[in-house]
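Reader: I would like a close look at one part of this model, and then its setting. Please give cut-offs as you go.

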Amino acid sequence: EGHDGYIFNLISLDPITMASCSEDKKIIIWNLNTGERKFEINKAHMHCIYSLCKLPERYEQFISGGFGEMKIWSIQDYHLVKTVKGHSDYITNIKILKYDSNGPYQPNESIMEANQSIMNQSNYSSSLVKSSNNRIGLNNLNTNAPLKIVGSCSFDKTVNLWFIDTWENFITLKGHNGNVNSIVQYNQYNNEVITCSHDKTI
């Protein structure tokens, strides 16, 4: 016991540590060996927290999704690192969609130029916003920069794609007519991603 409301999501932070989130606005860190609370983040968000996602090891961070915002937390001492806004309703699911670990990826000028070139690719953008086909292909990103992308979906019927290192929302996908509940990488070879929704479509 520990939460005062429905528990919506669990993630593993390391082999003996787990995090949970709830409608009670809390994130609780648990020791799996003892079953006891290790740490508690009260009022982590102003509203229900539906989703958690751990970033790759090098970041030592995890993400929580609340109403219209994601928060990035340190795994070391659980302090708030950054707040990222982008949706207009509850964020239901957060997933790492692509992570290329080859080489450094810092928000310097060359990377920002690469990011801008991605956003300017009209073929890529138009291929993503098809209401009849919610698959998206990340291989269409034409850049030499290592790609690190997180996807978030929301009750606002959209999916946002983010660059992890800059937390820039480089595209918003619109195609569902209801809450978007989940996003998942479907094919590791061509990096397809699929979404599902309250509108009864995939």
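Author: The answer begins with the ground rules and the whole chain, then turns to one sheet with its loop and core, and ends with the other sheet and the rings.

The model is predicted, so local features need pLDDT of at least 70 and side-chain atom pairs count only at pLDDT 80 or more, while totals for chains, interfaces and linings use all residues. Residues are numbered from 1 along each chain as its sequence is written, and side-chain values use heavy atoms, with hydrogens and water left out.

Start with the whole protein. It has 2 helices and 14 strands. These are DSSP runs, numbered from the N terminus: H or I over at least four residues for a helix, E over at least two for a strand. Of the 202 residues, 50% are buried. Buried means under 20% relative accessible area, exposed means over 50%, and partly exposed lies in between, with a 1.4 Å probe and protein chains only. The exposed surface comes to about 10,200 Å², and carbon and sulfur atoms supply 46% of it. Those areas come from the Shrake-Rupley method with a 1.4 Å probe; for residues, only the protein chains shown count as cover. Take the contacts with a separation of 6 or more: residues 24 or more positions apart account for 46% of them. A contact means heavy atoms within 4.5 Å.

Now the close look. Strands 1, 2, 3 and 4 form an open sheet in the order 1-2-3-4, with antiparallel pairing. Two strands pair if DSSP finds at least two bridges between them. Strand 1 and strand 4 (37-41) are the edges; each has a single partner strand, so one side of each is left without a neighbour in the sheet. Neighbouring strands here are turned by 20 degrees against each other on average, direction ignored. The angles are taken between N-to-C directions and run from 0 to 180 degrees, with axes as lines fitted to C-alpha atoms, for helices over the stretch in contact.

Inside this sheet, strand 2 and strand 3 pair in the antiparallel sense over 5 bridges. One bridge can be named: Cys21 has Ile27, in strand 3, as its partner. The loop between strand 2 and strand 3 holds Lys25. Check its backbone: phi is positive, about 75 degrees, although Lys25 is not a glycine. Most residues other than glycine have a negative phi. Lys25 counts as partly exposed because its relative accessibility is 34%.

Lys25 also meets Ile41. Setting aside neighbours within four places in sequence, Ile41 is in contact with Lys25, Lys26, Ile27, Phe62, Trp73 and Tyr78. Two of these contacts, Ile27 and Phe62, return in the largest nonpolar core. That core has 14 residues, and Leu13, Ala19, Ile27, Ile29, Ile41, Leu52 and Phe62 touch the most other members. Strand 1 (7-14), strand 2 (17-22) and strand 3 (27-31) are the elements that give two or more residues to this core. A nonpolar core is a set of buried Ala, Val, Leu, Ile, Met, Phe, Trp, Tyr and Cys residues joined through side-chain atoms within 4.5 Å.

Phe62 leads to the other sheet. Lys54 stands opposite Phe62 in strand 6. Strand 5 and strand 6 (residues 61-65) run antiparallel, joined by 4 bridges. They belong to an open sheet of 7 strands in the order 5-6-7-8-10-11-12, with antiparallel pairing. Its edges are strand 5 (51-54) and strand 12 (168-174); each has a single partner strand, so one side of each lacks a neighbour in the sheet. Its twist averages 30 degrees from one strand to the next.

Last, the rings. The structure holds 7 aromatic pairs. Rings of Phe, Tyr and Trp (its six-membered ring) pair if their centres lie within 6.5 Å; planes under 30 degrees apart are stacked, over 60 edge-to-face, and the rest tilted. Phe67 and Tyr90 are edge-to-face, at 5.0 Å centre to centre and 90 degrees between the planes. Phe67 lies in strand 7 (residues 67-74) and Tyr90 in strand 8 (residues 80-99), 23 residues apart. Phe67 is partly exposed at 38% relative accessibility, whereas Tyr90 is buried at 17%. For Phe163 and Phe170, the centres are 4.3 Å apart and the planes stand at 25 degrees, so the pair is stacked. Phe163 is buried at 0%, and Phe170 is buried at 7%. Phe8, Tyr50, Phe67, Tyr90 and Phe155 form one aromatic cluster.
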